[in-house]
Amino acid sequence: MRIRRILTASATTAAVTALGLAAAVPAQAAEYSSALKIKGVQYDAPGRDSNKCSGGNTKNEYLTIKNYSKTATVNLKGYRVKDAAGNTFTFKNSHTLQPGDYISLRGGRGTDSDAKNVVYRQNCNFIWNNDKDTIYFYKPGGSRADVHAYTKKANDRDGNGYITYHG
């Protein structure tokens, strides 16, 4: 009987350990069924952070979203980006991405341009934290298109403030 209890305790410990490892899988490990995904993020704008609308550098903080479909054209209207603190940006205008095309969602104020592949948040505050954050990307219906958590230490080995995700 004693051996049986040891084996049971050992099996229980192994099961708990396995569950603990499964629970530690990061959210970005999930693959979502979406043609649009986060290609990368410049979470730390080069230079000293200044969120002034005139002369600040929030426009140098950006998120790149790419259409990874080989055939589908996708309109960004209604897609939503959110950070861990709940700061949200919704694409209110039509921005069509052809297969393989991308767009940069930049901070600051500016003129959106499909030709230049840029949309401005029209907000001079930074959205991404310089040490760690989570980027959520939602489809117009509310389901997730993509999500990535990052820490400067773990994900930005060269320290340039830019992280690539789906390449």
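1. Start with the β4/β5 pair. In this predicted model, strand β4 (residues 80–83) and strand β5 (residues 88–90) run antiparallel to each other, with three bridges between them. If you want one spot to click on, take Lys 82, which sits opposite Thr 88 in β5.

2. The connection is a hairpin: four residues lie between β4 and β5. Have a look at Gly 86 while you're there, since this turn residue has a positive phi of about 95°.

3. β4 has a partner in β9 too. Strand β9 (residues 132–138) is antiparallel to β4, and four bridges join the two. Here the pair to look at is Val 81 and Phe 137, the latter in β9, which stand opposite each other.

4. Now the side chains of β4, which alternate along the strand. Which of them are buried? Val 81 and Asp 83 are, and they point to one face. Arg 80 and Lys 82 point to the other face and are not buried. So you get an Asp on the buried face along with the Val. Val 81 is the residue facing Phe 137, while Lys 82 is the one facing Thr 88.

5. Zooming out, the chain has two helices and eleven strands. Reading from the N terminus, the order is α-β-β-β-β-β-β-β-β-β-β-α-β.

6. A few totals to finish. The chain has 167 residues, and 35% of them count as buried. Among contacts with a separation of 6 or more, 57% come from residues 24 or more positions apart. The accessible surface is about 9,700 Å², with 51% of that belonging to carbon and sulfur atoms.

Terms used. Residues numbered from 1 in each chain as written. Predicted model: local features only at pLDDT ≥ 70, side-chain atom pairs only at ≥ 80, totals over all residues. Heavy atoms only, no water. Buried < 20%, exposed > 50% of the residue type's maximum accessible area, 1.4 Å probe, protein only. Pairing = 2+ DSSP bridges. Contact = heavy atoms within 4.5 Å. Areas by Shrake-Rupley, 256 points an atom, 1.4 Å probe, with all protein chains shown as cover.
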